[in-house]
Amino acid sequence: MTPETKEKIDNLVKQNKIMVFMKGNKLMPQCGFSNNVVQIFNTLGVPFETLDVLADPEIRQGIKEYSNWPTIPQVYLSGEFLGGSDILIEMYNKGELQQKVEVALAS
């Protein structure tokens, strides 16, 4: 990963309370896993930002190195890597995600 790509990812993760690196965007997800994440945040009714990794091959590869996580989507909350679709679904079903999001948005 180039230093420029790392800096771009750093800035996106730090500047957005909820940042989702996904295939497609929140209006038009391009895969089922990305769609799951979008639907969860829409259900929670919270603001979140997305970046379409399909439009940026450097970010698509770089984000995997950045998080040491092999799959897309990847979700960051207040700069902390939460995980992908499966982890978010699990956290949502347990009520943990709502709690974490409320705390993050309040700070």
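Start by colouring the protein chain by secondary structure: 5 helices and 6 strands should appear, where helices (H or I, at least four residues) and strands (E, at least two) are DSSP runs numbered from the N terminus. Walking on from the N terminus, the elements run α-β-β-β-α-β-α-β-β-α-α. The chain is as compact as a globular protein of its length, because its radius of gyration of 13 Å is close to the 13 Å that the globule rule gives for 107 residues; the radius is taken over C-alpha atoms, and the rule is 2.2 Å times the number of residues to the power 0.38.

A word on what you have open: this is a predicted model, in which local features need pLDDT of at least 70, side-chain atom pairs count only at pLDDT 80 or more, and totals for chains, interfaces and linings use all residues. Residues are numbered from 1 along each chain as its sequence is written, and side-chain values use heavy atoms, with hydrogens and water left out.

Next, show the C-alpha trace, which spans about 35 × 30 × 20 Å along its principal axes. Then colour by accessibility: buried residues make up 40% of the 107 (buried is under 20% relative accessible area, exposed over 50%, partly exposed in between; 1.4 Å probe, protein chains only).

Now turn on contacts, meaning heavy atoms within 4.5 Å. Of those with a separation of 6 or more, 61% join residues 24 or more positions apart.

Finally, select Gly 79, in the loop between β5 (74–77) and β6 (80–83). Gly 79 counts as partly exposed because its relative accessibility is 40%. From its C-alpha, draw a distance to that of Glu 102, 23 residues apart along the chain: the two atoms are separated by 15 Å.
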